[in-house]
Amino acid sequence: MDLLGLGLIGLRTRPARAILSALGIAVGIATMVVVTGIPASSQAKLLETLTALGTNTLQATAVQDQDPPAQLPESAMGMVRRIGPVTAVSGVGNTHTRVRRNDRTDETDGSGLTVLAGQIDLLPAINARVRSGKWLSPATAAFPTVVLGSVAATRLGITEVTGRTPGPQVMIADRLFTVIGILATTPLSPDIDRSVLVGWDTARTELRFDGHPTVLYIACEESQLEAVRGVLAETISPERPGQVVVTRPSDALAAKRATESSLSVLFLALAGVALVVGGIGVANTMVVSVLERRSEIGLRRALGATRGQIRGQFLTESVVLATIGGLAGTLLGLLATVGYASWQRWPIVIPASSLVAGVAGAVAVGVLAGVYPCVRAARMTPTQALATV
C-alpha cells in the first residue's frame, strides 16, 4: 500500500498530464476493442448470410433411372436422427398425383407442379418460412389441407390466405383440399417452390401415398458436415447404400471457413497495432516524467531511498496510469461497438477475449513501457539528479 501511494504522487501532483496520458492509452485500447468488436459483428452478419445458403445442410435422394425404381426406406428419417451431429432431419415424398385449380380444369394439366407429402418439421430443415397463412400442424395435417410453394401459388392464382372460412381450395385426385398457407421463396430448395404440400398421413389415406420419402433434408453441426456425409448413405439404406445419392457440401461452406480464417488474422493484427500505439504513449509519458522529476529523484536518493524503491515508484505509476487508461478505453470501445453494430443492424458480437485483453494488455503495456524509465531513474546518482535543479 505504501508503494501504491508513492506511485500515485506523480499522478496527483500533475493531474492534467496524467489525464492526457491516460487518454492516450484509452484511445489505443478503445481502438483495439473497436477493431475487434465491429469486424466481429460484421463477420457474424456475413456468416449468418452464408449459413442461410445451406452451409450446414445436405440432401439425400434415391438413384434415378433404375428399373425397378430405387426408393428410400420408410425408416430413413428415423435412422438419420440417430446420427449424433444431426440437428434436424425431415423429408418429402412424391405422391405422383396432379393438382388442379378446380374440377373444370383439364385433368391432364398439372401446371408443372408436384404434389408432395410433407413432414410437419420440414420448415426448419430447409430454412423456409410461411409468407401467408400458416404451416401444417398435427391437427391440420390430418385433414385435406395443403400449403403451396411460392411458384405453385402463382400458377394456381392464389396470392394470399386470409384465414377466412371457407378458404381457397384446389383439387387433387378428384378431392378438394383447402389451402391454409403459402410459403415464401426457398432458395435452398427450389423444388419446394413448385410444390403443393400435403400432410404425410393425409397423403397416405387420401392419395394412396406409399410412405417412401423422395428427398431427405438433413441439417447438422457445420464442423461435422463431412463426417455426417460419409456415413449418411449406409445409415439410410444399410442393405443398398449404393442406391442413395447424397449432395456434396455447399460451396458457401468453403467461403465461410475462408472468411473466418482471414478475419481472425486481421483481428489479431489490428489489436497488436493498437496495443503498440498505446504502449508508445505510456513509454513517452514516463520518460518525460523521469526527466522532469530528476530533482525529486535526487532528493529521495539523498534521503536514503534505494534504487529498488525508485524503480518501484515509477513502475507503479506506469502500471496505474495504464490500468486507468485500459479500463476507460475498454468501456469506450464497448459503447462504440454496440452503437455502430446497432446502427448497422448487425448482431452485436464483442469477443470476451478483447475485453479481457483490453485491461490485461494495458497492464502489460504499462509494465513494459515503464521498465526503461524506472531503470533510468534508479541509475541516477543523487549528485547527478540534484545537479539539474
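Me: Which residue stands opposite Y217 in β10?

Reply: That is S90. Please keep in mind that this is a predicted model.

Me: What makes β2 and β10 count as paired strands?

Reply: Two strands pair if at least two bridges are found between them. β2 and β10 have six bridges, in the antiparallel sense, so with a cut-off of at least two they count as paired.

Me: How do you know that β1 also pairs with β10?

Reply: The same test works here. Strand β1, residues 57–62, is joined to β10 over five bridges, again in the antiparallel sense. The cut-off is at least two bridges, so this is a pair. For one of the partners, look at T61, which is matched with V215 in β10.

Me: Why is β10 called mostly covered?

Reply: Count its residues: β10 runs over 215–220, and six of its six residues are buried. V215, Y217 and A219 point one way, while L216, I218 and C220 point the other way. Buried means under 20% relative accessible area, and the residues on both sides of β10 are buried.

Me: Why is Y340 called partly exposed?

Reply: Its relative accessibility is 33%. Under 20% would be buried and over 50% would be exposed, so a value in between is partly exposed. That is the label Y340 gets.

Me: Where is Y340, and what is it in contact with?

Reply: Y340 belongs to helix α12. Leaving aside neighbours within four places in sequence, Y340 is in contact with I38 and W346. Y340 and G37 are 303 residues apart in sequence, yet their C-alpha atoms are 9.8 Å apart in space.

Me: How do you know that the span of α12 is close to what is expected?

Reply: Set the two values side by side. Helix α12 covers residues 307–344, 38 residues in total, and reaches 54 Å from its first C-alpha to its last. At 1.5 Å a residue, 56 Å is expected, and 54 Å is close to that. After α12 comes R345, whose phi is positive, near 60°.

Me: Why are W200 and F209 called an edge-to-face pair?

Reply: The structure holds two aromatic pairs. In the pair of W200 and F209, the ring centres are 5.0 Å apart and the planes stand at 85°. Centres within 6.5 Å make a pair, and planes over 60 degrees apart make it edge-to-face, so both conditions are met. W200 and F209 are both buried.

Me: What makes the buried residues of α8 line one face?

Reply: In α8, residues 200–207, the buried residues are W200, T202, A203 and L207. Seen down the helix axis, they fall within an arc of 160°, so they line one face. The face turned away from them carries D201 and T205, which are exposed.

Me: What covers the buried residues of α8?

Reply: The cover includes helix α4 and strands β2, β4, β7, β8 and β9. Just after α8 comes R208, with a positive phi near 55°.

Me: How many helices and strands are there in the chain, and what share of it is buried?

Reply: There are 14 helices and 11 strands. Of the 389 residues, 44% are buried. The chain exposes about 19,400 Å², with carbon and sulfur atoms supplying 59% of it. Among contacts with a separation of 6 or more, 80% come from residues 24 or more positions apart.

Note on methods. Residues numbered from 1 in each chain as written. Predicted model: local features only at pLDDT ≥ 70, side-chain atom pairs only at ≥ 80, totals over all residues. Heavy atoms only, no water. Helix = DSSP H or I, 4+ residues; strand = E, 2+ residues; numbered from the N terminus. Expected span 1.5 Å × (residues − 1). Phe/Tyr/Trp six-rings, centres within 6.5 Å; stacked < 30°, edge-to-face > 60°. Buried < 20%, exposed > 50% of the residue type's maximum accessible area, 1.4 Å probe, protein only. Contact = heavy atoms within 4.5 Å. Areas by Shrake-Rupley, 256 points an atom, 1.4 Å probe, with all protein chains shown as cover. Arc of directions from axis to C-beta.
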